[in-house]
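Student: I'd like to learn how to read a few features of this model. Could we go through them one by one?
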Amino acid sequence: MSDDYLARIGKLIRDARQHRGWTQTQLAEALGTSQSAVNRIERGNQNISLEMIARIGEALDSEIVSLGYSGPMHLRVVGGRRLSGAIDVKTSKNACVALLCASLLNKGRTVLRRVARIEEVFRLLEVLSSIGVRTRWINDGVDLELVPPAELDMAAIDADAARRTRSIIMFLGPLLHRMEQFTLPYAGGCDLGTRTIEPHMIALRRFGLEIAATEGLYHAQVDRSVSPGRPIVLTERGDTVTENALLAAARHDGTTVIRNASSNYMVQDLCFFLEALGVRVDGIGTTTLTVHGVPQIDVDVDYSPSEDPVEAMSLLAAAVVTESELTIRRVPIEFLEIELAVLEEMGVDCDRTPEYAADNARTRLVDLTVRPSKLEAPIDKIHPMPFPGLNIDNVPFFAAIAAAAHGQTLIHDWVYDNRAIYLTDLNRLGGRLQLLDPHRVLVEGPTRWRAAEMMCPPALRPAVVVLLAMMAAEGTSVLRNVYVINRGYEELAERLNSVGAQIEIFRDI
């Protein structure tokens, strides 16, 4: 068998294993072989028989025996169906990736409960495994265990996986305490225009970190004599910027004050996790965080990240655009109150239960029931603001909701360079959206959605918005290459099908 075929088969096996949520060790146990043998197979460095391919396919419930590269995943959507019943919100994607990075602070065993099984998490797990962290899914694949090595092997980092996630940027904060020099691949992720790491560096230079960027790599050097002598003022109230500053401050021997900090949901979850590690954080939920660092962290920690408010908004939008009655359970209400106020102004009929605590005992949850509503365009424009304002990632969902409302809605997505452009993909499905400039879209409603076949936008939230519009459109639509959706949502098609949608997953043969 040629090296090319071996490499293609190996990649197919790796993709199938990751889709199943298994580690190489788990697959090896199912096959009665070693983890190193599975590693060689996935890298295309070992001859493999048809019998072994069939056994792997059976173990992973995947038709690997076809021998070809399966190609990207697509969705076939039969629209015009009403949703009904109840659906639970999964744990926060953005909190989970921050906590995976934060596990590098700890020399002990970290267990994260109900981790979102999404591509962004899988990419980070590949990176962590490649540098020596032992990762495995436990409790029937529900929870995740991470055990770091005594020394990280940064020379062995999986550069391909690292470049496919922007979250790799949050390795900088923990790593500057573990080694004096290291390299990281450039951060990737969604195509949302140019985003600089300079705001991160303004914070991290105060801990002695300097970076030179050459040939697709960040070359990091740490000066141990440097420490923040005065409060760190972030020039951008960004979520990942705040998280990186927190991660750097967590093991700094002293007190660090971070001003103009984000107080968004993933930042709060990270603060709660740091407290579980023994790091005291004052001011959680405000824009001034005071971190009392601990130079060495070696504890066995068990933590449950909270639910994802952006996924909750996605499910809420699904109910609105399909004119359905749907109950969305475990909604982190603190991070959706502005969105719900705007929706109620537009006429959305929605009830909520009394509040109850999330598994982290800190985040407040409710169950929401949405009913078919007659919508009117809001008087004011829709625009994001740092928390507690309307969430930046929830803005795209208002494009689909506004398209279902009577009147004109102005959406001003001022944060990203070109995300608003992707919202005009809704015009392929019958929408009437006019792009005024790279940041502003005028939406005319109501819309009579129509089925279409189209490529998935390269940005996560606009991609889901297109999927929701397809669910509302009579007829059969096809959304091609949905990897970007799988980056942020766990089994979204299957879960929507459980409440009445008709979405089929398929691949090119």
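Tutor: Sure. Let's start with a term: a helix axis here is a line fitted to C-alpha atoms over the stretch in contact, and the angle between two axes runs from 0 to 180 degrees between N-to-C directions. Bear in mind that this is a predicted model.

Student: Okay, so how do I describe a helix pair, and at what angle do α5 and α11 pack?

Tutor: In general, two packed helices are described by the angle between their axes and the distance between the axes. Here, helix α5 (residues 93–102) packs on helix α11 (residues 265–276) at about 35°, and their axes are 8 Å apart. The crossing of these two helices is right-handed.

Student: Which residues of α5 and α11 make the contact?

Tutor: From α5, look for Asn-94, Ala-95, Ala-98, Leu-99 and Ala-102; from α11, pick out Tyr-265, Met-266, Asp-269, Leu-270 and Phe-273. Sorted by class, the α5–α11 contact comes to 8 nonpolar, 1 polar and 1 charged residues.

Student: Next, empty space. How many cavities of 30 Å³ or more does the structure hold?

Tutor: The general idea first: rolling a probe the size of a water molecule over the atoms shows where empty space is left. This structure has 3 cavities of 30 Å³ or more, and the largest cavity contains about 50 Å³ of space.

Student: And what lines the largest cavity?

Tutor: Its lining is made of Ser-92, Tyr-265, Gln-268, Asp-269, Phe-272, Ser-306, Glu-307, Phe-335 and Thr-363. By class, that lining has 3 nonpolar, 4 polar and 2 charged residues. You've met two of these names already: Tyr-265 and Asp-269 line the largest cavity and also belong to the α11 side of the helix contact.

Student: Now the strands. In what order do the strands of the open sheet with β6 come?

Tutor: Read across it and you get β6-β8-β7, 3 strands with antiparallel pairing. At the edges sit β6 (181–185) and β7 (209–214), each pairing on one side only. From one strand to the next, the twist averages 25°. To see one pairing up close, take β6 and β8 (residues 217–222), joined by 5 bridges: Pro-185 is opposite Leu-217 of β8.

Student: What about β21 and β22: parallel or antiparallel?

Tutor: Parallel: β21 (residues 453–455) pairs with β22 over 3 bridges, and Glu-453 has Val-478 in β22 as its bridge partner. Strand β22 (residues 475–480) also pairs with β1 (residues 73–79), in the antiparallel sense over 5 bridges. There, Val-78 is partnered by Thr-476 of β22.

Conventions
Residues numbered from 1 in each chain as written. Predicted model: local features only at pLDDT ≥ 70, side-chain atom pairs only at ≥ 80, totals over all residues. Heavy atoms only, no water. Pairing = 2+ DSSP bridges. Helix = DSSP H or I, 4+ residues; strand = E, 2+ residues; numbered from the N terminus. Left-handed = near helix turned anticlockwise from the far one by under 90°. Contact = heavy atoms within 4.5 Å. Nonpolar A, V, L, I, M, F, W, Y, C, P; charged D, E, K, R; others polar. 1 Å grid on protein atoms, 1.4 Å probe; cavity = no way out; pocket = protein on both sides within 12 Å on 5 of 7 lines; lining within 4 Å. Points joined across faces, edges and corners; volume = space filled by probe spheres on them.
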